[in-house]
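Please open the model in a viewer and keep the sequence panel visible. The tour below proceeds by selection, one stop after another.

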Amino acid sequence: MRVFEEKQSFNQWWIVFIAIGCAGIPIAFIIDDLLAGETSEITVELIIALVIIIISMMLFKLSLHTKIDQNGIKTWWEPFHFLEKEFPWKDLQKVYIRNYQPIQEYGGWGIRGIVKIKAFNVSGNKGIQLVNSNGKFLIGTQKGSEAELVIKKYSL
């Protein structure tokens with residue numbers, strides 16, 4: 001029995017850079033206010049900095065899981081398991097690995113899409129394209145060739 005499993009996280013350097021920059025701005029204002037002896041606005045700036053840090057930590061904790069086995073293809077976001085999607089082989093009309101343009105086709109990365117064309121993706125431009133009677137669903141992958149081997153085994 002062959003199984004494909006992948007876990008991807010939002011850990012790209014540019015996301016880290018943006019998160020540090022966004023948290024750094026209110027922190028710089030806090031330091032400036034402390035040095036100037038003005039403490040009246042520090043509470044608001046501290047709350048803004050904490051909110052940015054908490055959101056950033058949640059983003060870095062978020063991970064996309066994909067599992068392909070004899071039952072089909074399953075994908076979910078950790079820690080949000082209610083966003084789980086399961087695609088049994090019998091319900092899939094077509095499954096293949098493809099290159100895609102995340103910004104042009106889906107507006108970026110994350111939980112994307114509208115009505116019949118949807119995607120779960122974290123980074124890169126390779127994905128597992130699923131087609132069924134409900135439309136199209138793309139799962140981003142960093143292991144396209146490995147996924148393709150397992151897909152070929154079960155989708156025949």
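Does Ile31 count as buried, partly exposed or exposed? Select this residue in the predicted model; Ile31 is located in helix H1. Its relative accessibility is 47%, so Ile31 counts as partly exposed, the range for that class running between the limits of 20% and 50%.

**First stop: the nonpolar patch**

Keep Ile31 selected and add Ile27, Leu35, Leu46, Leu50, Ile53, Ile54, Met57, Met58, Phe80 and Phe82. Together these residues make a nonpolar surface patch of about 1,100 Å². Colour helix H1 (13-36) and helix H2 (42-61) next, for each supplies at least two residues of the patch. With six residues, H2 gives the most to it.

**Second stop: the salt bridges**

How many salt bridges does a search of the whole structure find? The search finds four, and three of the pairs may be visited here in turn.

Select Lys67 and Asp69, whose side chains meet in a salt bridge with an N to O distance of 3.9 Å. Asp69 is buried, at a relative accessible area of 11%, whereas Lys67 is partly exposed, at 28%.

Proceed to Lys74 and Glu84, another pair of side chains in a salt bridge, with 3.9 Å from N to O. Lys74 belongs to strand E3 (residues 72-78), while Glu84 is in the loop between E3 and strand E4 (85-88), so the pair ties together parts that are ten residues apart in sequence. Both partners are partly exposed: Lys74 has a relative accessible area of 28% and Glu84 one of 32%.

Then select Lys90 and Asp91, where the side chains meet in a salt bridge at 3.3 Å, N to O. Lys90 counts as exposed, at 72% relative accessibility, and Asp91 as partly exposed, at 39%.

**Third stop: a cis peptide bond**

Return to the loop between E3 and E4, where Pro79 is found. Display the backbone from Glu78 to Pro79: the peptide bond there is cis, with omega near 15 degrees. Most peptide bonds are trans.

**Fourth stop: Gln8 and its surroundings**

Where does Gln8 lie? It lies in strand E1 (residues 4-9), and it is buried, with a relative accessible area of 5%. Show its side chain: a polar atom there lies 2.8 Å from the backbone oxygen of Gly140. The side chain of Gln8 is also joined to that of Gln142 by a polar contact of 3.4 Å. To display the wider surroundings, select the residues that Gln8 touches beyond four places in sequence, among them Leu62, Ser63, Leu64, Val122, Ser123 and Thr141.

**Last stop: the largest nonpolar core**

Select Ile68, Ile73, Trp89, Val95, Ile128 and Leu130, the residues with the most contacts inside the largest nonpolar core, which has 23 residues. Two or more residues of this core come from each of strand E2 (63-69), E3, strand E5 (92-99), strand E8 (126-132), strand E9 (135-140) and helix H4 (144-154). H4 gives the most, with four residues.

Finally, centre the view on Ile73. Neighbours within four places in sequence aside, Ile73 is in contact with residues including Ile68, Trp89, Val95, Ile128 and Leu130. Its further contacts include Lys67, Lys85, Glu86, Phe87, Leu92 and Ile139; Lys67 is the partner of Asp69 in the salt bridge visited earlier.

Definitions and conventions:
Residues are numbered from 1 along each chain as its sequence is written. This is a predicted model: local features need pLDDT of at least 70, side-chain atom pairs count only at pLDDT 80 or more; totals for chains, interfaces and linings use all residues. Side-chain values use heavy atoms; hydrogens and water are left out. Patches are made of residues with over 30% relative accessible area and no salt bridge: like charges are joined within 9 Å, nonpolar side chains (Val, Leu, Ile, Met, Phe, Trp, Tyr) within 5 Å. Accessible areas come from the Shrake-Rupley method with a 1.4 Å probe; for residues, only the protein chains shown count as cover. Buried means under 20% relative accessible area, exposed over 50%, partly exposed in between (1.4 Å probe, protein chains only). A polar contact is a pair of N or O atoms within 3.5 Å; within protein, one must be able to donate a hydrogen and the other to accept it, and residues adjacent in sequence count only if both atoms are side-chain atoms. Contact means heavy atoms within 4.5 Å. A nonpolar core is a set of buried Ala, Val, Leu, Ile, Met, Phe, Trp, Tyr and Cys residues joined through side-chain atoms within 4.5 Å.
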